[in-house]
Amino acid sequence: MKFAQRIQNIQPSMTLAISAQAQSLKEQEIDVIGFGAGEPDFATPEHIKQAAIRAIQANDTHYTLVGGTLALKDAIIEKFEGDNGLFYERNQIVVSCGAKHSFYNLAQVLWDAGDEIIIPAPYWVSYPDMVVLASATPVILNTDQSSQFKITAEQLQNAITSKTRALVLNSPSNPSGSAYTRAELEALAEVVLKHQLLVISDEIYEKIVFDGFEHVSIAYLSDAMKRSTVVINGASKCFAMTGWRIGYLAAAAEIAAAVTKLQGQSTSNPTSIAQAACVEALKSHQTKVAVQKMVEEFKMRRDYLMDRYAKIESVACYQPVGTFYSFPDFSGILGREWNGKTLKGSLDVAEFLLEEAKVALVPGIAFGADNNLRLSFATSMENLKEGMDRIESAVKSLPA
Ligand SMILES: *Cc1c(COP(=O)(O)O)cnc(C)c1O
């Protein structure tokens with residue numbers, strides 16, 4: 001079979017290898033603790049599920065407008081006003097089948113071969129591949145724990161060429177749990193405006209933040225920044241609605257129109273029932289209560305994890321200010337011997353932890369950071385305790 005060049009240009013998700021290994025251990029009835037979860041471990045709140053059931057019974061089961069129902073667009077417009085201080089019109093909003101789909105659509109309508117898209121690492125796994133699928137070139141800017149996994153204005157400035165089109169920002173960040181402050185965003189915005197770049201601002205974790213961290217959208221900084229930003233958000237992470245597949249973007253009307261045109265010739269509208277549920281999720285006061293409870297639980301788990309990391313000498317972990325991921329640095333055990341071989345990078349460490357401690361973490365190389373692994377705390381406290389016990393003793397058992 002001959003396949004198109006574009007599908008040969010991208011990698012299958014690297015996270016799959018480790019989950020396949022974990023799955024095969026589980027099939028041998030070996031008790032593996034999975035820390036790979038990329039979604040909340042909570043059920044969708046009851047009132048949101050009920051809204052979907054009502055939508056089915058009201059025969060809300062037909063095609064909707066391609067870019068989303070007017071009711072949902074209006075709820076999204078209200079959300080942007082209330083949460084972000086951003087004012088949009090209906091023709092600036094497009095609802096898609098998940099925030100991933102929003103980004104995919106954008107890449108397809110905005111970029112061509114030769115365009116350079118700046119992506120800070122560690123990055124969400126899908127950004128570089130979606131950029132490549134659009135024939136454009138990802139330009140990766142490395143960060144590490146010493147800079148709290150954030151790029152500086154200077155780093156951005158130095159990466160810009162005549163081909164640079166856009167900067168992808170993901171704050172709070174999957175996988176690092178880091179987030180940009182308003183002052184940091186202002187410094188980046190200055191460079192963005194000077195070079196007339198577009199910012200794709202993925203804010204899907206905006207509500208999952210701790211210790212009073214105040215999420216600011218870079219689009220909020222000025223009118224010029226609002227015109228230069230596409231904000232992406234969705235229901236998956238904040239409302240525990242990953243399976244419903246609702247994401248959305250807010251952009252200049254001409255960008256929204258191009259995205260709607262593409263969507264009209266590909267998926268058409270996202271599911272009518274999920275859209276109705278999302279209206280309820282965005283508008284109901286009960287959602288605020290449910291989200292607050294989830295965030296409190298995530299914070300408790302994060303605090304527990306930070307205590308545990310602090311007790312493992314060769315592992316250092318940045319304290320996440322948001323999301324449900326921790327991104328510990330295992331470089332302290334790189335170069336050590338295990339099972340007759342040298343641990344050289346995050347894939348080796350992941351294998352060591354899986355075989356030796358029976359815990360599954362995602363190797364950081366999948367996110368462009370080979371010293372780290374991602375440990376998701378979207379799992380029970382019981383699993384966190386047992387899993388950290390195992391990690392601690394496995395790491396301590398390694399010959400120095
Ligand atoms: C999960 C995730 C998304 C995509 O979520 P959807 O389920 O497609 O809405 C987008 N960006 C980041 C950073 C994510 O972690």
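**Surroundings of L141, S217, helix α11 and the ligand**

In this predicted model, residue L141 touches I118, I119, P120, A121, I151, Q155, L156 and A159, when residues up to four places away in sequence are not counted. L141 itself belongs to strand β4, which comprises residues 137-142. One of its contacts, A121, stands 20 residues away along the chain, yet the C-alpha atoms of L141 and A121 are separated by 5.8 Å. The relative accessible area of L141 is 9%. Because this value falls under the 20% cut-off, L141 is classed as buried.

A second residue, S217, is placed in a loop rather than in a strand; this loop lies between β6 (198-202) and α9 (223-227). S217 has a relative accessibility of 2% and therefore also counts as buried. With residues up to four places away in sequence left out, the contacts of S217 are N84, L86, L185, E203 and V231.

Helix α11 was examined next. This helix spans residues 272-283 and has 12 residues. From its first C-alpha to its last, α11 reaches 17 Å, which is close to the 16 Å expected at 1.5 Å a residue. The helix is mostly covered, as nine of its 12 residues are buried. The buried residues are S272, A274, Q275, A276, A277, C278, V279, A281 and L282. In an α-helix there are 3.6 residues a turn, so residues three or four places apart point the same way. The cover over the buried residues of α11 includes three helices, α3 (46-57), α4 (70-84) and α12 (285-310), together with strand β8 (247-250).

The final part of the description concerns the ligand. A shell of 13 residues surrounds the ligand, and the closest are A99, D202, Y205, S236 and K237. By class, this shell has five nonpolar, four polar and four charged residues. Two of the closest residues, D202 and Y205, also provide polar side-chain atoms at short listed distances. For D202, a polar side-chain atom lies 2.6 Å from a nitrogen atom of the ligand. For Y205, an N or O atom of the side chain is 2.6 Å from an oxygen atom of the ligand. In the case of R245, an N or O atom in the side chain is likewise 2.6 Å from an oxygen atom of the ligand. The ligand exposes 390 Å² when taken alone, and the protein buries 94% of that area.

Notes: Residues are numbered from 1 along each chain as its sequence is written. This is a predicted model: local features need pLDDT of at least 70, side-chain atom pairs count only at pLDDT 80 or more; totals for chains, interfaces and linings use all residues. Side-chain values use heavy atoms; hydrogens and water are left out. A residue is near a molecule or strand if one of its heavy atoms lies within 4 Å of it. A polar contact is a pair of N or O atoms within 3.5 Å; within protein, one must be able to donate a hydrogen and the other to accept it, and residues adjacent in sequence count only if both atoms are side-chain atoms. Accessible areas come from the Shrake-Rupley method with a 1.4 Å probe; for residues, only the protein chains shown count as cover. Ala, Val, Leu, Ile, Met, Phe, Trp, Tyr, Cys and Pro count as nonpolar, Asp, Glu, Lys and Arg as charged, and the others, Gly among them, as polar. Helices (H or I, at least four residues) and strands (E, at least two) are DSSP runs, numbered from the N terminus. Buried means under 20% relative accessible area, exposed over 50%, partly exposed in between (1.4 Å probe, protein chains only). Contact means heavy atoms within 4.5 Å. The expected span of a helix is 1.5 Å times one less than its number of residues.
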